[in-house]
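Subject: Structure for you to look at

Hello,

Here is the structure I said I would pass on. My notes on what was found in it follow below.

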Amino acid sequence: LYSPSVPPEIKEAIKNHQGLVGMNRDAVLSSRGAPDRKVREGVEQEDWIYGLPPHVLFVTFDGDTVVAVRQY
């Protein structure tokens, strides 16, 4: 969070406990904590799932980078 190499929008998302496209795994862990569940699809893609229905947050990684954040 305090590293000069972390972009300001990522720092703000971490402070507000939000997931953001472009974050890496460490940033998501700092922001949201450990996921309730993980689901791997293929070799590189993995979903981190937070919460229970009806309020579920899906954070999708491709490798080490977030490529999608979906709230249901």
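Two strands are said to pair if DSSP finds at least two bridges between them. By that rule, E3 and strand E4 (residues 65-71) are paired, running antiparallel with six bridges. Please keep in mind that this is a predicted model.

First, the overall layout. The protein chain has two helices and four strands, and along the sequence they come in the order α-α-β-β-β-β. The radius of gyration is 12 Å, close to the 11 Å that the globule rule gives for 72 residues, so the chain is as compact as a globular protein of that length. Along the principal axes, the C-alpha atoms take up a box of roughly 35 × 30 × 15 Å.

Next, burial and contacts. Buried residues make up 31% of the 72 in the protein chain. The exposed area comes to about 4,700 Å², and carbon and sulfur atoms account for 55% of that. If one takes the contacts between residues at least 6 apart in sequence, 18% of them join residues at least 24 apart. As for charge, the chain carries 8 positive and 10 negative charges, and the mean positions of the two sets lie 5 Å apart.

Now the strands in detail. Strand E2 (residues 45-52) pairs with strand E3 (residues 55-62), also in the antiparallel sense, over eight bridges. A hairpin with two residues connects E2 to E3. Pro54 sits in that loop between E2 and E3, and the peptide bond leading from Pro53 to Pro54 is cis, with omega near 10°.

Which residue links the two pairings? Leu57 of E3 is the bridge partner of Tyr50, and Leu57 also has a bridge partner in E4, namely Gln71. E3 is thus a strand with partners in both E2 and E4. The hairpin of E3 and E4 again has two residues between its strands, and Gly63 there takes a positive phi near 70°.

One more backbone point concerns the helices. His17 lies in the loop between helix H1 (8-15) and helix H2 (25-32). Its phi is near 60°, which is a positive value in a residue other than glycine.

If you open the model, I would look at Leu57 with its partners Tyr50 and Gln71, then at the cis bond from Pro53 to Pro54, and last at His17 with its positive phi.

Regards

Key: Residues numbered from 1 in each chain as written. Predicted model: local features only at pLDDT ≥ 70, side-chain atom pairs only at ≥ 80, totals over all residues. Heavy atoms only, no water. Rg over C-alpha atoms; globule rule 2.2 N^0.38 Å. Buried < 20%, exposed > 50% of the residue type's maximum accessible area, 1.4 Å probe, protein only. Contact = heavy atoms within 4.5 Å. Areas by Shrake-Rupley, 256 points an atom, 1.4 Å probe, with all protein chains shown as cover. Lys, Arg positive; Asp, Glu negative; His and termini not counted. Charge placed at Lys NZ, Arg CZ, Asp CG, Glu CD.
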